[in-house]
Amino acid sequence: MEAGRRGRIVLGVTGSIAAYKAAELASQLRQRGYDIRVVLTKAAQHFVTPLTFRTLTGNPVLTDLWSEGEEQKAEHIAAIESANLLVVAPATADFLARAAAGLADDALTTTLLAATCPVLVAPAMNHRMWKNRIVQRNVATLRDAGFGFVDPEEGWLAEGESGIGRLAALDVLLARIDAALARKR
Ligand SMILES: Cc1cc2nc3c(=O)[nH]c(=O)nc-3n(C[C@H](O)[C@H](O)[C@H](O)COP(=O)(O)O)c2cc1C
């Protein structure tokens with residue numbers, strides 16, 4: 001299908017060990033006909049590279065507010081202005097805190113505050129972090145602000161133990177994204 005026919009998605013990827021799963025998500029979304037613009041946090045780039053996402057999406061990747069040229073910055077402001085959905089997957093505890101506080105201290109949080117489209121957040125973290133009251137308070141704040149959540153799943157975690165905190169499965173993420181975009185039509 002022609003890329004972009006089904007809408008434009010800005011995909012934010014943060015510094016979780018699950019960041020590698022966002023590469024497959026981006027690829028699947030492109031194959032479904034969405035135009036994908038990726039924003040990587042600094043921490044995400046310890047796990048995945050901009051080149052991976054540039055290759056998989058066919059679009060430039062926003063990594064930093066300051067080091068990129070004006071042209072790319074303007075391009076991404078234009079991208080979020082015309083986006084149909086902003087998805088953050090995986091979303092770290094740190095991202096949830098900064099988003100809940102309304103900070104705009106990096107490319108992703110700045111993009112988030114500029115977004116007028118629906119926002120879907122898929123957290124991924126250690127089970128103790130996910131159950132932490134401060135994290136849950138931040139989730140509640142973001143839900144109150146109208147953000148949709150694809151809650152983490154129970155299962156094997158990278159630290160070598162089981163619990164709730166795994167990034168939602170790819171088919172679950174794809175179904176929620178399709179549903180969110182179907183509502184806009
Ligand atoms: C190996 C490793 C794995 C990590 N995985 C996670 C994770 O799954 N979830 C999470 O919330 N933080 C995780 N962190 C911590 C974040 O990378 C850290 O809080 C960082 O500041 C997040 O920045 P960002 O939200 O800007 O991407 C991990 C850190 C390391 C070193």
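## Exercises on helix packing, the sheet and the ligand shell

Helices α4 and α7 are oblique to each other, where oblique covers angles outside the classes roughly parallel (under 35 degrees), roughly antiparallel (over 145) and roughly perpendicular (65 to 115). The model is predicted, so local features need pLDDT of at least 70 and side-chain atom pairs count only at pLDDT 80 or more, while totals for chains, interfaces and linings use all residues. Residue numbers start from 1 along each chain as its sequence is written.

**Exercise 1.** Describe how α4 packs on α7.

*Solution.* Start with the geometry: the axes of α4 and α7 (residues 133-144) come within 9 Å and cross at roughly 50°. Axes here are lines fitted to C-alpha atoms over the stretch in contact, with angles from 0 to 180 degrees between N-to-C directions. Helices are DSSP runs of H or I with at least four residues, strands are runs of E with at least two, and both are numbered from the N terminus. Next, the hand: this crossing is left-handed, meaning that the near helix is turned anticlockwise from the far one by less than a right angle, whereas clockwise would be right-handed. Finally, the contact: Ala93, Leu96, Ala97, Ala99 and Ala100 of α4 meet Val135, Asn138, Val139, Thr141 and Leu142 of α7, contact meaning C-beta atoms, placed from the backbone, within 7 Å. These residues divide into eight nonpolar, two polar and no charged. Nonpolar means Ala, Val, Leu, Ile, Met, Phe, Trp, Tyr, Cys and Pro, charged means Asp, Glu, Lys and Arg, and the others, Gly among them, are polar.

**Exercise 2.** Work out which strands stand at the edges of the sheet.

*Solution.* First write down the order: the open sheet of six strands runs β3-β2-β1-β4-β5-β6, with parallel pairing. β3 (61-62) and β6 (148-149) each have a single partner strand, so one side of each lacks a neighbour in the sheet. Then look at one pairing: β5 (residues 119-123) joins β6 in the parallel sense over two bridges, and two strands pair if DSSP finds at least two bridges between them. Within β6, phenylalanine 149 is the bridge partner of valine 121.

**Exercise 3.** Find the residues that come nearest to the ligand.

*Solution.* Of the 15 residues around the ligand, the nearest are Thr14, Gly15, Ser16, Ala43 and Thr92; a residue counts as near if its C-beta atom, placed from the backbone, lies within 6 Å. Now sort the shell by type: nine nonpolar, five polar and one charged. Last, α4 (residues 93-100) gives the most to this shell, with three residues.

How values were computed
Contact = placed C-beta atoms within 7 Å.
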